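Biologist: Got a minute to walk me through this one? I'd like to start with the domains.

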Amino acid sequence: MGKSEVFFHNYNENSVLVNWNENTIDIISQRTAFEMEVKKVFPDVIVNHGAYSILLLWKRKIHHNEVIDRLMKLLIDMKTSEANGISWRLPIYYELESELVDSLSEFSKEEIISKHQKGIFTVDFIGFLPGFPYLKGLDKSLQLPRKSTPALQVTAGTVAISNDYCGIYPSQSPAGWHALGNCPLPMFDVKRKQPSLLAAGDRVQFYPISREEHSSMKNQIANESMTLKSFQIDG
């Protein structure tokens, strides 16, 4: 989660205030990732946001020491998980959308692809859709604002960029990000022990494949003749 200091305070009989140091790196992504994990542990919690904090509310009286101990353990587990992240090489069939090419007209398509595949990305957090990874590490020259008019629909596996993030849509969805291409690996599958393929702290590098290779990989993964672990660098 990067360098940070987090403080827990008894706010009142049914709430806990969680504060991040104002110098924390990527505070919004850290806060979002922590909030998602908190909701898994405390499904009945209500979350209110501040600039450097979140207020966790329950509709019942809580035992503050017990709750704060669980929150601290959750934070430690998240940091441990990120430190032990997996390194992945993910295939992508590049098919740049026209709006992206026009917005980056100072570069050729080949240059855009080269800049993207040279990036070494880190999964900041999973959000927006189940299994959607927010990948930090996008080349500054490729950073674009969200589309003014989102696409009505992109296919599962669409690799796209927005601002300083790269992401992979795990399912068919409307999309406000700029599409670069498609990854044939399923990002989310409820039948897996860990439904989300990627986790916070994982590292990702993309490599190009042809349309034929993309189709072949999808088929091989579907019939289990190719394992997802084979895309792990350490796998």
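Biologist: How many residue pairs are in polar contact across the interface of domain 1 and domain 2?
Modeller: Zero, counting pairs with both residues at pLDDT 80 or more. Keep in mind that this is a predicted model.

Biologist: And how many salt bridges between domain 1 and domain 2?
Modeller: Also zero.

Biologist: Where does the chain divide, then?
Modeller: Domain 1 covers 6-77. Domain 2 covers 87-231.

Biologist: What separates their centres?
Modeller: The distance is 31 Å, taken over C-alpha atoms.

Biologist: How many residues are in contact between the two domains?
Modeller: Five residues of domain 1 touch six of domain 2. The area buried between the domains is about 370 Å². Carbon and sulfur atoms give 64% of that area.

Biologist: Switching to strands. Which ones close into a barrel?
Modeller: Seven strands do, in the order 5-12-9-10-7-6-13. The pairing is mixed. Neighbouring strands there are turned by 40° against each other on average, direction ignored.

Biologist: Do strands 5 and 13 run parallel or antiparallel?
Modeller: Parallel. Strand 5 spans residues 87-94 and strand 13 spans residues 203-208, with six bridges joining them.

Biologist: Which residue stands opposite R89 in strand 13?
Modeller: That is Q205.

Biologist: OK, the open sheet next. What is its strand order?
Modeller: The order is 1-2-4-3, four strands with antiparallel pairing. Strand 1 (6-12) and strand 3 (46-49) are the edge strands, each pairing on one side only. On average, neighbouring strands in this sheet are turned by 20° against each other, direction ignored.

Biologist: How many bridges join strand 3 to strand 4?
Modeller: Four. Strand 4 takes in residues 53-57, and the two strands run antiparallel. I46 faces L57 of strand 4 across that pairing.

Biologist: Back to charges. How many salt bridges does a search of the whole structure find?
Modeller: Seven. One salt bridge in the model is between E37 and K40. Their closest N and O atoms are 3.1 Å apart.

Biologist: Why are E37 and K40 separated by about one helical turn?
Modeller: Because they are three residues apart in helix 1, which covers residues 27-41.

Biologist: Good. Give me the domain interface once more?
Modeller: Between domain 1 and domain 2, about 370 Å² is buried. The salt bridge count there is zero, and the rule finds zero residue pairs in polar contact, both at pLDDT 80 or more.

How values were computed
Residues are numbered from 1 along each chain as its sequence is written. This is a predicted model: local features need pLDDT of at least 70, side-chain atom pairs count only at pLDDT 80 or more; totals for chains, interfaces and linings use all residues. Side-chain values use heavy atoms; hydrogens and water are left out. Two strands pair if DSSP finds at least two bridges between them. Axes are lines fitted to C-alpha atoms, for helices over the stretch in contact, and angles run from 0 to 180 degrees between N-to-C directions. Domain bounds come from an automatic or database domain assignment. Contact means heavy atoms within 4.5 Å. Buried area is the accessible area (1.4 Å probe) that two parts lose on being put together, summed over both. A salt bridge is a side-chain nitrogen of Lys or Arg within 4 Å of a carboxyl oxygen of Asp or Glu. A polar contact is a pair of N or O atoms within 3.5 Å; within protein, one must be able to donate a hydrogen and the other to accept it, and residues adjacent in sequence count only if both atoms are side-chain atoms.
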